[in-house]
Amino acid sequence: MSTFILNTVAQWLEADRELFEERAAIMEYDGGLSRPDAERCAYLAYVRETQTGQADLFAASSGGPV
């Protein structure tokens, strides 16, 4: 994981970190991405979804649907 992503993810709530790790694992194994690419994609998805509200992928930490 890049240093930037590592430092950023370390500051998230535990539930968000777990969802990030789960999403990266899905992208790696089901999507065929390398682990670094999967982590970058999961990070970008988190940023997009939390800043634009376009999806509820990381909503579990707030009690919303996943």
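Helices (H or I, at least four residues) and strands (E, at least two) are DSSP runs, numbered from the N terminus. Residues are numbered from 1 along each chain as its sequence is written. The model is predicted, with local features needing pLDDT of at least 70, side-chain atom pairs counting only at pLDDT 80 or more, and totals for chains, interfaces and linings using all residues, while side-chain values use heavy atoms and leave out hydrogens and water.

**Exercise 1.** Find which pattern the protein follows along the sequence.

*Solution.* Start by counting: the protein has 3 helices and 0 strands. Next, read along the sequence, and the pattern is α-α-α.

**Exercise 2.** Sort residues of helix α1 (residues 3-10) into buried and exposed.

*Solution.* Step one is to fix the cut-offs: buried means under 20% relative accessible area, exposed over 50%, and partly exposed in between (1.4 Å probe, protein chains only). Step two is to apply them. In α1, I5, T8 and V9 are buried. These three cover an arc of only 95 degrees around the axis, which puts them on the same side of α1; the arc is taken from the directions from the helix axis to the C-beta atoms. A general rule helps here: an α-helix has 3.6 residues a turn, so residues three or four places apart point the same way. On the other side of α1, T3 and A10 are exposed. L6 also lies in α1, and it counts as partly exposed because its relative accessibility is 48%. For the protein as a whole, buried residues make up 29% of the 66 residues.

**Exercise 3.** Work out what the buried residues of α1 pack against, and describe how α1 and α3 cross.

*Solution.* First, look for contacts (heavy atoms within 4.5 Å). The buried residues of α1 pack against α2 (14-29) and α3 (35-52).

Second, take the axes, which are lines fitted to C-alpha atoms, for helices over the stretch in contact, with angles from 0 to 180 degrees between N-to-C directions. Those of α1 and α3 come within 11 Å and cross at roughly 50 degrees.

Third, classify the angle: under 35 degrees is roughly parallel, over 145 roughly antiparallel, 65 to 115 roughly perpendicular, and the rest oblique. The helices α1 and α3 are therefore oblique to each other.

Finally, name the partners: F4, I5 and T8 in α1 meet E39, R40 and Y43 in α3. As an extra check on Y43, its C-alpha is 9.9 Å from that of L6, although the two are 37 residues apart in sequence.
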